[in-house]
Amino acid sequence: MRKVLIANRGEIARRVIRTLKKMNIKSVAVYSDADKNAPHVHEADEAVHLGASPSSESYLRQDRILKACQDLGVDAVHPGYGFLSENSDFARKLREIDVILIGPSPEAMEVMGDKLKAKQAVKSFGVPLVPGIDEAITDVKRAKEIALEIGYPVLIKASAGGGGKGMRLVEADAEFEEQMTMAQNEAMSSFSDDAVFIEKFVDKPRHIEIQVFADTHGNQVHLFERECSVQRRHQKVIEEAPSAVLTPEMRKEMGAAALAVCKACDYTGAGTVEFLLDASLDFYFLEMNTRLQVEHPVTEKITGVDLVEWQIRVARGEKLLLSQDDLSINGHAIEV
């Protein structure tokens with residue numbers, strides 16, 4: 001792997017360039033009109049202009065990124081986070097032109113990118129799930145019956161959702177219909193898919209995510225947890241590692257469940273498995289993010305591991321550098 005294009009901008013592009021320099025791999029930056037003087041453009045070995053300032057005319061233009069890969073003889077693409085990082089269509093197009101995606105397979109992205117498919121996939125691997133249904137529903141009458149069976153309060157969630165969009169908390173039967181319509185409308189406008197499902201609302205939850213890594217040789221490790229319970233509008237505000245509430249036993253149990261999720265979708269590379277922890281300290285699978293996360297530095301701080309370097313090594317077909325027993329927690333890190 002001699003040359004890597006970073007299909008992103010700003011902080012994450014600079015973060016990837018830093019590791020590429022360390023590994024003596026050439027970097028290619030991409031940029032929109034608004035970013036022509038951005039630091040990542042100057043720090044990369046080469047830079048390609050993609051188009052106008054709106055991301056729909058630049059960073060999301062798959063055709064232009066693919067052309068840049070071919071024109072510049074790029075070996076691999078690091079997608080960063082956001083933009084095309086979890087786009088299975090883009091992953092397939094890279095595969096077609098023999099460019100490596102520094103990330104999981106498009107098949108794993110598709111399974112974990114759909115919350116219902118993800119729940120169905122992990123079910124047979126013994127991963128604990130929040131009480132609810134694991135199939136899409138559009139019939140309001142049947143949905144109300146299910147909500148009563150589960151017991152209020154319930155959450156109506158968009159199957160293709162993320163970032164809190166298409167999600168509604170319903171506390172009583174009388175408001176169910178209106179909230180379901182709103183959830184479906186929002187899901188349709190955000191994801192072009194109005195499929196929703198229903199889950200029990202977990203009271204006083206904590207949000208714990210486990211950093212996982214898998215190579216192409218069947219090796220898997222988790223790099224412990226990050227806690228992101230402090231949120232606003234379902235978006236994380238504070239991320240810390242390790243969590244103040246997990247015991248060593250719970251950490252081991254949640255880590256094993258996160259690796260079972262990896263097995264369920266034949267995962268490779270860096271991923272994050274998110275769990276809800278209830279007031280009784282029981283945990284439930286929430287979703288998997290099939291990319292590097294904004295919050296990855298707190299894990300790097302407590303483990304001493306360069307996660308971007310690991311991503312590149314796995315994409316090159318190498319084995320993981322450390323086993324589970326080699327990994328330990330040193331200190332405490334917070335990201336805001």
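**Exercise 1. The second largest pocket**

Task: In this predicted model, state the volume of the second largest pocket, and determine which residues are closest to its centre and which helix or strand gives the most to its lining.

Solution:
1. The volume of the second largest pocket is about 330 Å³.
2. Its lining comprises 18 residues, of which Ile100, Leu101, Gly103, Pro104 and Ser105 are the closest to the centre.
3. At least two lining residues come from each of helix H4 (88-96), strand S5 (100-101), strand S12 (269-277) and helix H11 (307-315).
4. With three residues, H11 gives the most to this lining.

**Exercise 2. The setting of Thr19**

Task: Locate Thr19 in the secondary structure, decide whether Thr19 is buried or exposed, and list the residues that Thr19 touches beyond four places away in sequence.

Solution:
1. Thr19 belongs to helix H1, which spans residues 10-22.
2. The relative accessibility of Thr19 is 1%. Buried means under 20%, so Thr19 counts as buried.
3. Leaving aside residues up to four places away in sequence, Thr19 touches Asp306, Val308, Glu309 and Ile312.

**Exercise 3. A nonpolar surface patch**

Task: Identify the residues that form a nonpolar patch on the surface together with Ile238, and classify Ile238 by its relative accessibility.

Solution:
1. The patch is formed by Val230, Val237, Ile238, Ile334 and Val336. Together these residues have about 460 Å² of accessible area.
2. Ile238 lies in strand S11, residues 235-241.
3. The relative accessibility of Ile238 is 31%. Partly exposed covers the range between the 20% and 50% limits, and Ile238 therefore counts as partly exposed.

Terms used:
Residues numbered from 1 in each chain as written. Predicted model: local features only at pLDDT ≥ 70, side-chain atom pairs only at ≥ 80, totals over all residues. Heavy atoms only, no water. Helix = DSSP H or I, 4+ residues; strand = E, 2+ residues; numbered from the N terminus. Buried < 20%, exposed > 50% of the residue type's maximum accessible area, 1.4 Å probe, protein only. Contact = heavy atoms within 4.5 Å. Patch = residues over 30% accessible without salt bridge, like charges linked within 9 Å, V, L, I, M, F, W, Y side chains within 5 Å. Areas by Shrake-Rupley, 256 points an atom, 1.4 Å probe, with all protein chains shown as cover. Salt bridge = Lys/Arg side-chain N within 4 Å of Asp/Glu carboxyl O. 1 Å grid on protein atoms, 1.4 Å probe; cavity = no way out; pocket = protein on both sides within 12 Å on 5 of 7 lines; lining within 4 Å. Points joined across faces, edges and corners; volume = space filled by probe spheres on them.
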